[in-house]
Amino acid sequence: MLLLQIFSIISVCLLMLLGRWLLHSYQVINRVNEDLQAANESLERRVEERTRAFKQASHALQVEIDERKQLESQLIGAEKLASLGQMAAGIAHEINNPIGFISSNLGTLAVYFGKIQEVLEAYKAAEHQLGSPECLEVLEGVKTRLDLAFIEAEVPLLIQESRDGVARAAQIIKDLREFSRADTNPQWQWASLQRGIDSTLNIAANAVKYKADIVKHYVPLPDIECLPAQLNQVIMNLVVNAAQAIGPERGTITLRNGVQGDSVWLEISDTGTGIAPEVLPKIFDPFFTTKPVGQGTGLGLSLSYGIVQKHGGTISVRSLEGVGTTFRIELPVRQQRPEQGAVN
Ligand SMILES: Nc1ncnc2c1ncn2[C@@H]1O[C@H](COP(=O)(O)OP(=O)(O)OP(=O)(O)O)[C@@H](O)[C@H]1O
Ligand SMILES: [Mg+2]
C-alpha cells in the first residue's frame, strides 16, 4: 500500500516535472517562432524597400532615356534646321543676283523691242513709197518666209511670260528667305504667322501639288511673338505629313486659323488615311514612324512638339481612320518671359 502511495507521488512529481519541461519547451518554441516571424517581417520589409528602390531607379533610368531621346531629336532637328537655313540662305543669295539682272534685262529688252517695232512700222510705211516693185516683192518674200507678223505679235508675249517666270522665281527666293529667316541665329520677334504659312506652303508646293488641293479658310491674325523660322518648320512638317497621308487618290488639305483670347490657332486637316487609335499616343515620340525606311525618320512631330512647347503653346490631334486627321496648334500672342537674344 505504502509502495503504491510512494509510486503515485513519484509519478505525480514526474508528471509535474514533465509538464514544466513541456511548458518551457513550448515557451522556447514560441519565442523562436516569434523571432522567426520578426525576421520574416523584416526580410519582407527589406525586400519591399529594395523593390521600391529598384522601381525608382528603373523609373529614373526610363526618364533619363526619354530625356536623352528628346535631346537627341532636338539636336538632330536643330542641326537639320540650321543646315537647311544656311543652305536656303546661300541658295537665295546666289540665285537672287542672276534673277536681278535677268529681270532688269527683260525690262530693257521690252523697251528696246518697242523701239524696234516703231522702226518696223516706219519701214512698213516707207515700203509703199519704194519705186521698185521688185524690191517690194523681195521684201514681202522675206517677211512671209520669216513670218514677221507672227514674230512681232509673239515677242512681247514671250518677254511678258519670261518676266512672269522671273517674278515667280523671285517670289520663291523671297519665300525661301522668309522660311529660313535668321534661323542660324534665331531671335524672338514679332512676326506674321500668316506670312509664314503662305511662304511655307509655297516651299512645300512640290510635295503637295500632285496629291492634294489646298483650301484656305483664313481670318486676319495679329502678329505674334515667336521664332518664325522654327514655326515655319512646324507648319512644313504638318503639311508634308498631311500630303504623305493622302493615298493615290487626290485629296484635300484644309487650313483654318483664328484668334481665341490671347492666343492664335491654326488647324491643318487632311483627307488622308487617318491614324489608328493604338498608334495615336506614340506619334509625338522621337523616332516613331510608320513610314518605310528611307522615307521617314519619325522626327517631324517630336520636333514640332518641342518647338510649340518652347512657344508656350499646345499641339493636339484628332483623327479618324479612313477619314482624315486634323492637327491643331495654339500659340500665345505674347510670350510670358520674352527671352532676348539668341536661343537654341
Ligand atoms: N496627317 C497624318 N495622317 C496620318 N498619319 C500621320 C499624320 N501625321 C503624322 N502621322 C503619323 O505619325 C508618325 C510620325 O510622324 P512624324 O512626322 O514625326 O515622322 P515621319 O513623318 O514618319 O518622319 P519625318 O517627319 O521625320 O520624315 C508618322 O509616321 C505617321 O504614322
Ligand atoms: Mg513627318
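By class, the residues lining the largest cavity of this predicted model comprise 6 nonpolar, 3 polar and 2 charged ones. That cavity has a volume of about 60 Å³, and among the 11 residues of its lining, those closest to the centre are S192, L193, G196, P228 and N232. Two helices, helix 4 (193–203) and helix 6, each supply at least two residues of this lining, with helix 6 providing the largest share, 4 residues.

**The cavities**

A search over the whole structure finds 3 cavities of 30 Å³ or more. The second largest of them has a volume of about 50 Å³, and its lining consists of L193, L231, I235, V264, W265, L266, I329 and L331. By class this lining has 8 nonpolar residues, with no polar and no charged ones. Helix 6, strand 5 (263–270) and strand 7 each contribute at least two residues to the lining of the second largest cavity, and the largest share, 3 residues, comes from strand 5. L193 is thus named both among the residues closest to the centre of the largest cavity and in the lining of the second largest cavity.

**The ligand site**

Ligand 1 is surrounded by 20 residues, of which T289, T290, K291, T297 and L301 are the closest. By class, this shell divides into 8 nonpolar, 10 polar and 2 charged residues. The table lists distances from an oxygen atom of ligand 1 to protein atoms of three residues.

| Residue | Protein atom | Distance to an oxygen atom of ligand 1 |
|---|---|---|
| T289 | N or O atom in the side chain | 2.5 Å |
| K291 | N or O atom in the side chain | 2.6 Å |
| G300 | polar backbone atom | 3.4 Å |

Taken on its own, ligand 1 has 590 Å² of accessible area, and the protein covers 91% of this area. The elements that give two or more residues to the shell are helix 6 (228–245), helix 7 (300–310) and strand 7 (324–332). Which element gives the most to the shell around ligand 1? Helix 6 does, with 3 residues.

**Elements that recur**

Helix 6 therefore deserves a second look across the sites: helix 6 gives the most to the shell around ligand 1, supplies the largest share of the lining of the largest cavity, and is one of the elements that each supply at least two residues to the lining of the second largest cavity. Strand 7, for its part, gives two or more residues to the shell around ligand 1 and at least two residues to the lining of the second largest cavity.

Terms used
Residues are numbered from 1 along each chain as its sequence is written. Chains are lettered from A and ligands numbered from 1 in the order in which they are written. This is a predicted model: local features need pLDDT of at least 70, side-chain atom pairs count only at pLDDT 80 or more; totals for chains, interfaces and linings use all residues. Side-chain values use heavy atoms; hydrogens and water are left out. A residue is near a molecule or strand if one of its heavy atoms lies within 4 Å of it. A polar contact is a pair of N or O atoms within 3.5 Å; within protein, one must be able to donate a hydrogen and the other to accept it, and residues adjacent in sequence count only if both atoms are side-chain atoms. Accessible areas come from the Shrake-Rupley method with a 1.4 Å probe; for residues, only the protein chains shown count as cover. Ala, Val, Leu, Ile, Met, Phe, Trp, Tyr, Cys and Pro count as nonpolar, Asp, Glu, Lys and Arg as charged, and the others, Gly among them, as polar. On a 1 Å grid over the protein atoms alone, a cavity is a set of points where a 1.4 Å probe fits but cannot get out, and a pocket is an open set with protein on both sides within 12 Å along at least five of seven lines; lining residues have an atom within 4 Å of a point. Grid points are joined across faces, edges and corners, and a volume is the space filled by probe spheres set on the points.
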